Structure formats: C-alpha cells, structure tokens
Amino acid sequence: IEQTAYQNDNLAMLGKLSASIAHEIRNPLTAIRGFIQLLRPHLQGLGKEEYAKIILAEIDRANDIIHEFLSSSKPSSPQTRIASISALLKEVILLTESEVLMKGCQIDLQSLPGDLYVSVDVKQMKQVLINMIRNALEAISDRLDGTTGKIELGARREGSEVRILISDNGKGMDACTMNRLFSQFFTTKENGTGLGLSVSDRIVKNHGGRISVTSRVNEGTSFVISLPLINGLTS
Ligand code: ADP
Ligand code: MG
C-alpha cells in the first residue's frame, strides 16, 4: 500500500510539473505566433509566404499538443453534475457543426426513446465526444472513394447503463490499429498527437464507464461509451 501511495504522490507531482511547463511554453509560442503574423506581409513581398504558413501551422500544432497534454495531466477527480444525454449530444453536435459542414459531412442524431440522465463532468464528457467526432471526420477524409461522410450519434439504455454510440463510415481500421488505439501517443496520422483516445479512455474510466470499439476497414467504425445511469432518473 505504501508503494502505491508513494507512486501516486510522484504522479501527482509529475502532473503539476508538466502542467506548469506546458503553461510556460505556451506564452513564448503565443509571442512567436504574433510576430510571425506581423512579418507575414514582408515574407509575402519576398515570395516566401509559404514559410509563414508552415511556421503558423507548426505553432498551432505545438499548441494543440500542449492543450491535449494539459487536459491529460489534470487531476482526475471529475466535477460531476446531473446531465441529460440528449442535451449533451445536441450540444456536441452544435459545437462541431462548422467542422462537419466544412468537410461536406453529415451528422445525424438518432431519435432517443425518452431521455436518460448521467452524473458526469460535462466539460470532460463533451471533450470525449468531440474527440471522437473529430476522429470520425478524419477517418472520413481518409476514405478516398468519394462516399458521403456520415456520422451517427445515438444512445440507448442497457440495464443500469447508458450506451452512447458514435459511428462513422470512414476508412475503418485494421486489427493492429485496434490493439493500440488507446495507448498514449499512438497515432496513424501525420499530424496526430495520439492523445485523444487515451485521454478519453481515462475520462470515461474515471466516470466508472468504459469505451468499446468495432471497426471494418473501408466500411467504418463505431465507438460505444458505456456510463452508469442515475437510478430512477429516466423519462
Ligand atoms: P490522433 O487522432 O491524434 O491520431 P487518437 O488517440 O484520437 O489520436 O486516435 C488514435 C488513432 O486511432 C488514430 O490515429 C487512428 O488511427 C485511430 N482512430 C481513432 N478513431 C478512428 C476512427 N473513427 N476511424 C478510424 N480510425 C480511428
Ligand atoms: Mg484524435
């Protein structure tokens, strides 16, 4: 037991340390970003605007990594409140609408047979769902046969649990990818961070739930998030 406590202590310290380092790196990045933008017209004059674009894109990527890393090293006790599943799904659809439209995709919310309620940290749970929708959009872009991208969201009750479904008709994945999906830093994307699903998995586990996945290459992928329902709170 002492061993475990000691390790947890170290982990908490490491979490704090990395969070403060991440914050410190963000500030200079913001400054660099600002100055590059000021230099942009001059670079354009030199016929080197491409360089500015690359620098900006790479700074944004570094910021994304820091952002995802920060959310993955935050203390894990969720700020829970009672939330309606349909409100949660609708909100997430709204938040991702512009990205979905930009990719010419469609996102459908299956009709829910009455609402279900869970006790969750709404911010964290939204982050999980947005991660999954972004992954779905990326999987759809990588499918090269011109199929119209479709993402389906749904939820149903299964005993004392709610199962939230996020399915896409993207490129799917092979067994090798499936096996490593939730590992930190595992990515098959050129600009991926490999943090989205490992963070999501941690969040869902902290809520007493789990994530399962089924996929077929060139057909699509379905994620199911199972969460404990609040007793008696169904309509
Ligand atoms: P990232 O998106 O930065 O690569 P994630 O942790 O979000 O990191 O995902 C890890 C990997 O899982 C992805 O690189 C991809 O190979 C695979 N993956 C996740 N979601 C899907 C999906 N909907 N369809 C196909 N592959 C997926
Ligand atoms: Mg991702």
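## Exercises on a predicted model

Asn 218 sits in the loop between strand 6 (210–216) and strand 7. The exercises below start from the whole chain and come back to this loop. The model is predicted.

### Exercise 1. Confidence

Task: State how well the prediction scores, for the chain and for the model.

Solution.
- Start with the chain. Its average pLDDT is 87.
- Then ask how the residues score. At least 70 is reached by 89% of them.
- Turn to the model scores. The ipTM is 0.99 and the pTM is 0.76.
- Keep one caution in mind. Coordinates should not be read in detail where pLDDT is low.

### Exercise 2. Overall layout

Task: Count the helices and strands, and give their order along the chain.

Solution.
- Count first. The protein chain has 6 helices and 7 strands.
- Now read along the sequence. The pattern is α-α-β-α-β-β-α-β-β-α-α-β-β.
- Check burial. The chain has 235 residues, and 23% of them count as buried.
- Check the contacts with a separation of 6 or more. Residues 24 or more positions apart account for 73% of these.

### Exercise 3. Helix 4

Task: Compare the span of helix 4 with the expected span, then list its buried residues.

Solution.
- Helix 4 covers residues 122–141, which is 20 residues.
- From first C-alpha to last, helix 4 reaches 28 Å. That is close to the 28 Å expected at 1.5 Å a residue.
- Next, burial. The cut-off for a buried residue is 20 or more other C-beta atoms within 10 Å.
- In the first part of helix 4, the buried residues include Gln 124, Met 125, Val 128 and Leu 129.
- Further along, Asn 131, Met 132, Ile 133, Asn 135, Ala 136, Leu 137, Ala 139 and Ile 140 are also buried.

### Exercise 4. The nonpolar core

Task: Find which residues touch the most other members of the largest nonpolar core, and which element gives the largest share.

Solution.
- The largest nonpolar core has 33 residues. Ile 85, Ile 133, Ala 136 and Ile 166 touch the most other members.
- List the elements that give two or more residues to this core. The helices are helix 3 (85–102), helix 4 and helix 6. The strands are strand 3 (116–120), strand 4 (150–158), strand 5 (161–168) and strand 7 (220–234).
- Rank the shares. Helix 4 gives the largest, with 9 residues.
- Take Ile 166 as a worked case, leaving out residues up to four places away in sequence. Ile 166 touches Leu 129, Met 132, Ile 133, Ala 136, Leu 153 and Phe 223.

### Exercise 5. The shell around ligand 1

Task: Describe the residues around ligand 1 by distance, element and class.

Solution.
- There are 23 residues around ligand 1. Asn 135, Ala 139, Thr 187, Gly 192 and Gly 196 come nearest.
- Two elements give two or more residues to this shell: helix 4 and helix 6 (196–206).
- Helix 4 gives the largest share, 4 residues.
- Sort by class. The shell has 13 polar, 7 nonpolar and 3 charged residues.

### Exercise 6. Pairs far apart in sequence

Task: Place Ser 84, Asp 60 and Arg 157, and give a distance for each.

Solution.
- Ser 84 is in strand 1 (residues 81–84). It is partly exposed, because 16 other C-beta atoms lie within 10 Å.
- Leu 116 is 32 residues from Ser 84 along the chain, with 5.9 Å between their C-alpha atoms. Leaving out residues up to four places away in sequence, Ser 84 touches Asp 115 and Tyr 117.
- Asp 60 is in helix 2 (residues 49–73). With 13 other C-beta atoms within 10 Å, Asp 60 is partly exposed. Arg 33 is 27 residues away along the chain, and the C-alpha atoms are separated by 8.6 Å.
- Arg 157 is in strand 4. Its count is 15 other C-beta atoms within 10 Å, so Arg 157 is partly exposed. Pro 113 is 44 residues away in sequence and 9.1 Å away, C-alpha to C-alpha.

### Exercise 7. Positive phi

Task: Are Phe 185 and Asn 218 buried or exposed, and what is phi at each?

Solution.
- Recall the usual case. Most residues other than glycine have a negative phi.
- Phe 185 is not a glycine, yet its phi is positive, about 70 degrees. Phe 185 lies in the loop between helix 5 (175–180) and helix 6.
- Phe 185 has 11 other C-beta atoms within 10 Å, so it is exposed.
- Return to Asn 218. Its phi is also positive, near 65 degrees.
- Asn 218 is exposed, because 12 other C-beta atoms lie within 10 Å.

Key. Residues are numbered from 1 along each chain as its sequence is written. Chains are lettered from A and ligands numbered from 1 in the order in which they are written. This is a predicted model: local features need pLDDT of at least 70, side-chain atom pairs count only at pLDDT 80 or more; totals for chains, interfaces and linings use all residues. The expected span of a helix is 1.5 Å times one less than its number of residues. pLDDT is the predictor's confidence in each residue, from 0 to 100. A residue is near a molecule or strand if its C-beta atom, placed from the backbone, lies within 6 Å of it. Ala, Val, Leu, Ile, Met, Phe, Trp, Tyr, Cys and Pro count as nonpolar, Asp, Glu, Lys and Arg as charged, and the others, Gly among them, as polar. Two residues are in contact if their C-beta atoms, placed from the backbone, lie within 7 Å. A nonpolar core is a set of buried Ala, Val, Leu, Ile, Met, Phe, Trp, Tyr and Cys residues joined through C-beta atoms within 7 Å.
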